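Here are my notes on this one, cysteines to begin with and then the ligand site. Have the model open while you read.

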Amino acid sequence: MCGIIGYVGSKNAPAILIEGLKKLEYRGYDSAGIAVLKNNKTIITKEKGTICKLEEKLKENMSTTGIGHTRWATHGVPNKINSHPHKVENITIVHNGIIENYLELKEKLINKGYNFKSDTDSEVACALICDLFKEKNDMQKVLEEFKKITRGAYAIGVLIDGVEDKIYAIRNKSPLIIGVSEEENFIASDVPAILEYTNKYILLEDMDIAIIGKNDISIFRSNKKIKNDIKIFDKKVDKIDKNGYKHFMLKEINEQPDVIRRTIESFSKKDLPNLTKYEKIDIVACGSAYHAGLIGEHLLSKKLKAVITTHIASEYRYKDINPNFKTLVIVISQSGETADSLEVIKKANEKNIDTLGIINVYKSSIAREVKYLVYTKAGFEISVATTKAYLSQITTFALMVNSKLNKEEIVKAINKTLKLEQDCINIAKKIKNQENLFFIGRGIDHYIGLEGSLKLKEISYIHSEAYPAGELKHGTISLVSKNTPFIATITDEVISEKTISNIKEVKARDGNITLIATEDIKVNEDYYDSLIQIPKVQKDLQPLLAIIILQLISYHTARLRGCDIDKPRNLAKSVTVE
Ligand code: F6R
């Protein structure tokens, strides 16, 4: 989602801003732009499309102060006018987040004589800052007032025409850090964007205001200047490289043997609270992480007495947490920046409820907020569609119920499963021209189906639905006709008979079944059209193998359809707005 970078120092700002934006590319964006201060005025260059396109448009503009932005459209289509930076008179801003009351503010500003070129809430924020600046002529006071007038989430970087060597910044619920160096300083959405220059950074808290010069940084909290708390980012960031693979997604699928090895090796029960002391465990997440949570719920429920339920973060954040039960909230997040998941943690913290984060990105916002923390060891995930991070999340839950997993056995089985790629390509060829598809399974196999269905939808744009196999006959089976495609998963032998009955119901109506089953589960060949058999491993890890098959089928289907696999349309890697 939107990314922000800013530079003030003595070097060539445009080059630094472009490099910074490239580091933020993984978040997902549809346009990009920079503003640099030159001869007391900002010069803005922005473009729809890639950062490379923006780079081509840049004129030779030596400047030592500037701000840059990658935009993921929320208000208004992705085009040059809606992209950032926005400028109103002498004020230029970049903004990540959503100003919820922007329409009401826009009306007031129009009545005061302001005109708007774009459809964005960000241009309204810019006009508001401009208007307040006319009255107060002091940016810190302006931003203090801005906080009171606006509702929503924002990280904002501001330049003022005529003020050559200062960036002003404010944040509320959207990530923003200050990079600290010798005779140069930065603002950025995350630390890796500035690591090439410095590993020292200051975390801005919600409602902080900052004034950043090349030799000085002033931070104001509740209208008072505070001491700068400089932190060190003490971790190397992986090199971003496809390593010979056509797409990051395929590379990341193939990294899964290493990921599981690292996840098992680094897991320590010491990072967890005593799970047996809770009466209620709420697992909360979004998208694929939510699907991993469902598997977590399934595994933990067998071991613990607590009532365990999995929730979608955007729903859970508006529910009341019953104070009568000793509760643990577990949040799962690859990025550690997902706005809805972060708000869940903040709400739980306010109510003194214990929180546990299962997080992939080191020192991300959620990682910093939770009481207990387990880092999944997936490494940097670039592909927007998650694969290896999801796998490490399920592995973490399996380790929470059994910390002595047989690492060598599962690594061998994953390698064996990856060798089934050609079978997956054959299935992809079969489904690539379909418009609709069903994933069916029971219990844990249904949860895998949910993830398989999401993977296929997000990268190949084929509509699919994941159904608990036993639920079909309560309505959806009416959609089955000749050759309606189904992908059925059976890894749990306890309920295999039941799923086989449901498969027969589909076959009886001429549906087309692709079956993914563990090798010891016997199914009469009359009941399926294609079969992929996965190795048998210890029960709690069996879902991992089935999901790898579904990842590969989705990947090859999208490839055969010519889709932009690593950056699917409309999606962002880091979902920092509500
Ligand atoms: C799908 C996918 C998303 C994320 C979701 C949560 O492939 O990646 O559904 O799982 O946006 O993101 P995180 O895990 O970063 O909180």
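1. No disulfides turn up anywhere in a search of the whole structure, taking a disulfide as a pair of cysteine sulfur atoms within 2.5 Å. Bear in mind that this is a predicted model, where local features need pLDDT of at least 70, side-chain atom pairs count only at pLDDT 80 or more, and totals for chains, interfaces and linings use all residues. Residues are numbered from 1 along each chain as its sequence is written, and side-chain values use heavy atoms, with hydrogens and water left out.

2. Why is Cys130 without a bond to Cys126? The closest cysteine sulfur to that of Cys130 is the one in Cys126, and at 6.9 Å it is too far for a bond. Cys130 is also buried, at 0% relative accessible area (buried is under 20%, exposed over 50%, partly exposed in between; 1.4 Å probe, protein chains only).

3. Cys286 is in no disulfide either, with the nearest cysteine sulfur, in Cys2, 17 Å away. Cys286 is partly exposed, at 26% relative accessibility.

4. On to the ligand: 14 residues surround it, with Ser333, Gln334, Ser335, Thr338 and Glu458 the closest (a heavy atom within 4 Å counts). By class, that shell has seven polar, five nonpolar and two charged residues.

5. Ligand oxygen atoms make polar contacts (N or O pairs within 3.5 Å). One lies 2.4 Å from a side-chain N or O atom of Thr338, one is 2.6 Å from a polar side-chain atom of Ser333, and a backbone N or O atom of Gln334 is 2.6 Å from a ligand oxygen.

Definitions and conventions
A polar contact is a pair of N or O atoms within 3.5 Å; within protein, one must be able to donate a hydrogen and the other to accept it, and residues adjacent in sequence count only if both atoms are side-chain atoms. Ala, Val, Leu, Ile, Met, Phe, Trp, Tyr, Cys and Pro count as nonpolar, Asp, Glu, Lys and Arg as charged, and the others, Gly among them, as polar.
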